[in-house]
Amino acid sequence: MSEFNLSRRYRQLKASVKDRIQREGGTCSIPTVGCPRVFDFTLHYNDPWAFTIHHPIPRARGGAVEDLSNMLPAHRKCNTAWGDRMPETRWEAYESDFLDR
């Protein structure tokens with residue numbers, strides 16, 4: 001789903017998550033090797049360490065797109081490496097996949 005095809009509601013929810021993280025501080029919700037954890041909001045959205053939204057229940061597996069409880073902050077690189085794994089996925093499988101990239 002490209003940035004231009006997102007619904008207005010989704011963009012508003014994403015902005016509210018981003019505003020909350022900027023205001024209160026927060027870290028990447030995906031545990032990764034080498035992740036700086038904090039966000040640099042000055043980065044271009046295509047940068048690997050840019051802020052994105054992670055869906056714990058992946059959209060590809062029926063997760064709600066416009067549900068605030070299914071929207072967590074993540075870096076683009078971490079979120080891309082995680083892919084469409086479900087939350088109960090073992091860390092070892094994710095870690096080995098992340099290190100291979």
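**Notebook: strands, cysteines and a charged pair**

I began with the strands of this predicted model: strand 1 and strand 2 (residues 72–75) run antiparallel and are joined by four bridges. I then looked up a single pairing and found that His-54 has Leu-72 in strand 2 as its bridge partner.

Next I recorded the side chains of strand 1, which covers residues 51–54. Phe-51 and Ile-53 point one way, while Thr-52 and His-54 point the other way. I noted that all of these residues are buried. In a regular strand, side chains alternate between the two faces of the sheet.

I turned to the cysteines and asked how many disulfides the structure holds. I found zero disulfides. For Cys-35, the closest cysteine sulfur belongs to Cys-78, and I read the distance as 3.7 Å. A disulfide requires the two sulfur atoms to be within 2.5 Å, so the sulfur of Cys-35 lies too far from that of Cys-78 for a bond. I also checked the search from Cys-78, whose closest cysteine sulfur is in Cys-35.

Are these cysteines buried or exposed? I entered Cys-35 as buried, at 12% relative accessibility. Cys-78 also counts as buried, at 0% relative accessibility.

Lastly I looked for salt bridges and counted one. Side chains of opposite charge can pair when their charged atoms come close. Here Glu-24 forms a salt bridge with Arg-23, and I noted 3.9 Å between the closest N and O atoms. I entered Glu-24 as exposed, at 56% relative accessibility. Arg-23 counts as exposed at 60%.

Notes
Residues numbered from 1 in each chain as written. Predicted model: local features only at pLDDT ≥ 70, side-chain atom pairs only at ≥ 80, totals over all residues. Heavy atoms only, no water. Buried < 20%, exposed > 50% of the residue type's maximum accessible area, 1.4 Å probe, protein only. Salt bridge = Lys/Arg side-chain N within 4 Å of Asp/Glu carboxyl O. Helix = DSSP H or I, 4+ residues; strand = E, 2+ residues; numbered from the N terminus. Pairing = 2+ DSSP bridges.
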